[in-house]
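This report describes a protein model in terms of selected residues, strand pairing, helix packing and aromatic contacts. The chain under discussion is shown here.

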Amino acid sequence: SYYLKESRGSRRWLLFLEGGWYCFNRENCDTRFDTMRRLMSSKQWPVTRVGTGILSSQPEENPHWWNANMVFIPYCSSDVWSGASSKSEKSEYAFMGALIIQEVIKELVGKGLSTAKVLLLAGSSAGGTGVLLNVDRVAEQLEEMGYQGIQVRGLADSGWFLDNKQYRRTDCIDTITCAPTEAIKRGIRYWNGIVPERCKLQFKEGEEWNCFFGYKIYPTLRCPVFIVQWLFDEAQLTVDNVHLTGQPVQEGQWLYIQNLGRELRNTLKDVTASFAPACLSHEIITRNHWTDIQVKGTSLPRALHCWDRSLHESNKNGKTPLKGCPIHLIDSCPWPHCNPSCPTIRDQFTGQEMNVIQFLMHMGFDVQKMAQQQGLEPSKLLGMLSSGN
């Protein structure tokens, strides 16, 4: 099933893949079915939905895409949009994420997609990873149907995960405790998941799980893709067993968190179009505050607009990036929320808003020690933190 908001005057189409983790064996899929039914079945879906963030049709909330044809595809396949198998003898469940996307495309062709100039396949969280796994397949599908003129692009939000070592190793019991690689290895077998051919060829048979990790699949993609990723992504920290529960963070955790930011920044250095703020958060493009976050003075809608323009220009004459219109935006400050435009943090117990300094204190951040390490006066360091330098 999907939701559609037509905009007949526009030849731009935005298809959004919803996120919501995954399940990878009978037990945790049963639990998911009992506790998160809307992610497993369309039975209780509302008749209409309101688009927010990049799906909003209000120019204030969505400066560059408000007038596009909007398609929201809810996530009910639990397979990171990778499955291509119907219900079988061995499995009670059908995992058909990749097929759902293809069917929606087939149907939209009859509703005006055939005359599109640009199709932006976007998604958040598992939907963001779904973009990386499906964007080239969508382009091929449209070419095979005879629509070579449509430029297919991807926008992956909060789906660029690292297959790193957990802070504390735990056995793979459920979605939350299972290390990122282990969950995907089990999942891909259970879902009969498919990955793009060009990525598959980079790895040995049985190693297709690698293609679920952004930095490994990205170099194999043909379509242009814009990557949006918080440097300190909450879902990444969850699978890495760093739980920020309101107790002061131990030094080991603090170092682990900073290192995660460094590793993530490293994997993005060769990504042409990216937006990576140093915040602790998860998902952004459908949030109504998505216009507020800035990296080096540029907001995300602005960066996407610059990306649009750069693709338009390069189609004409392969020029250098546009002056004053940056598309590679990665925060360089080293800890969570060192960027003053980060979304507000609330204390998990009191619900009170916290500023950067309160948040760092709350996390057990030792201002004296950190100032000493940076060779600064503590008051100078706090001043820099609150102004976000």
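Trp-65 is buried at a relative accessible area of 5%, where buried means under 20% relative accessible area, exposed over 50% and partly exposed in between, with a 1.4 Å probe and protein chains only. The model is predicted, so local features need pLDDT of at least 70 and side-chain atom pairs count only at pLDDT 80 or more, while totals for chains, interfaces and linings use all residues. Residues are numbered from 1 along each chain as its sequence is written, and side-chain values use heavy atoms, with hydrogens and water left out.

**Trp-65 and Thr-175**

Trp-65 is placed in the loop between α1 (26-35) and β3; helices (H or I, at least four residues) and strands (E, at least two) are DSSP runs, numbered from the N terminus. Not counting residues up to four places away in sequence, Trp-65 touches Arg-12, Trp-13, Leu-14, Ile-54, Met-70, Val-118, Leu-120 and Asp-308, contact meaning heavy atoms within 4.5 Å. One of these residues, Ile-54, is 11 residues from Trp-65 along the chain, and the two C-alpha atoms are separated by 6.6 Å.

Thr-175, in the loop between β5 and α4, is also buried, with a relative accessible area of 13%. With residues up to four places away in sequence left out, Thr-175 touches Trp-21, Tyr-22, Phe-24, Asn-28 and Val-239.

**The sheet**

In what order do the eight strands of the open sheet stand? The order is β1-β3-β2-β4-β5-β6-β8-β12, and the pairing is mixed; two strands pair if DSSP finds at least two bridges between them. The edges are held by β1 (3-5) and β12 (328-330), each with a single partner strand, so one side of each has no neighbour in the sheet. On average, neighbouring strands of this sheet are turned by 15° against each other, direction ignored. Here axes are lines fitted to C-alpha atoms, for helices over the stretch in contact, and angles run from 0 to 180 degrees between N-to-C directions.

At one edge, β1 runs antiparallel to β3 (residues 69-73) and is joined to β3 by three bridges. Leu-4 stands opposite Val-71 of β3. Towards the other edge, β6 and β8 pair in the parallel sense over three bridges, with Ser-274 in β8 as the bridge partner of Ile-227. Three bridges also join β8 to β12, again in parallel, and Ala-276 stands opposite Ile-330 in β12.

In a regular strand the side chains alternate between the two faces of the sheet. Strand β8 (residues 273-276) is covered on both faces: Ala-273 and Phe-275 on one side, and Ser-274 and Ala-276 on the other, are all buried.

**Helix packing**

Helix α3 (residues 126-144) lies across β2 (12-17), β4 (118-124), β5 (151-157) and β6 (225-228), and runs at about 155° to β4. The axes of α3 and α2 (residues 97-109) come within 11 Å and cross at roughly 35°. This contact is made by Ala-98, Ile-101, Gln-102, Ile-105, Lys-106 and Val-109 of α2 and by Asn-134, Arg-137, Val-138, Gln-141 and Leu-142 of α3. The contact residues divide into six nonpolar, three polar and two charged; Ala, Val, Leu, Ile, Met, Phe, Trp, Tyr, Cys and Pro count as nonpolar, Asp, Glu, Lys and Arg as charged, and the others, Gly among them, as polar.

**Aromatic pairs**

The structure holds 14 aromatic pairs. Rings of Phe, Tyr and Trp (its six-membered ring) pair if their centres lie within 6.5 Å; planes under 30 degrees apart count as stacked, over 60 as edge-to-face and the rest as tilted. The pair of Tyr-167 and Tyr-256 is edge-to-face, because the ring centres are 5.5 Å apart and the planes stand at 65°. Tyr-167 lies in the loop between β5 and α4 and Tyr-256 in helix α8 (residues 251-267), so the pair ties together parts that are 89 residues apart in sequence. Tyr-256 counts as buried at 15% relative accessibility. Trp-21, Tyr-22, Phe-24, Trp-191 and Phe-212 form one aromatic cluster.

**Positive phi angles**

Two residues that are not glycines are listed with their phi angles.

| Residue | Phi | Loop | Relative accessible area |
|---|---|---|---|
| Asn-192 | about 60° | between α4 (180-191) and α5 (197-200) | 44%, partly exposed |
| Lys-296 | about 50° | between β10 (294-295) and β11 (298-299) | 58%, exposed |
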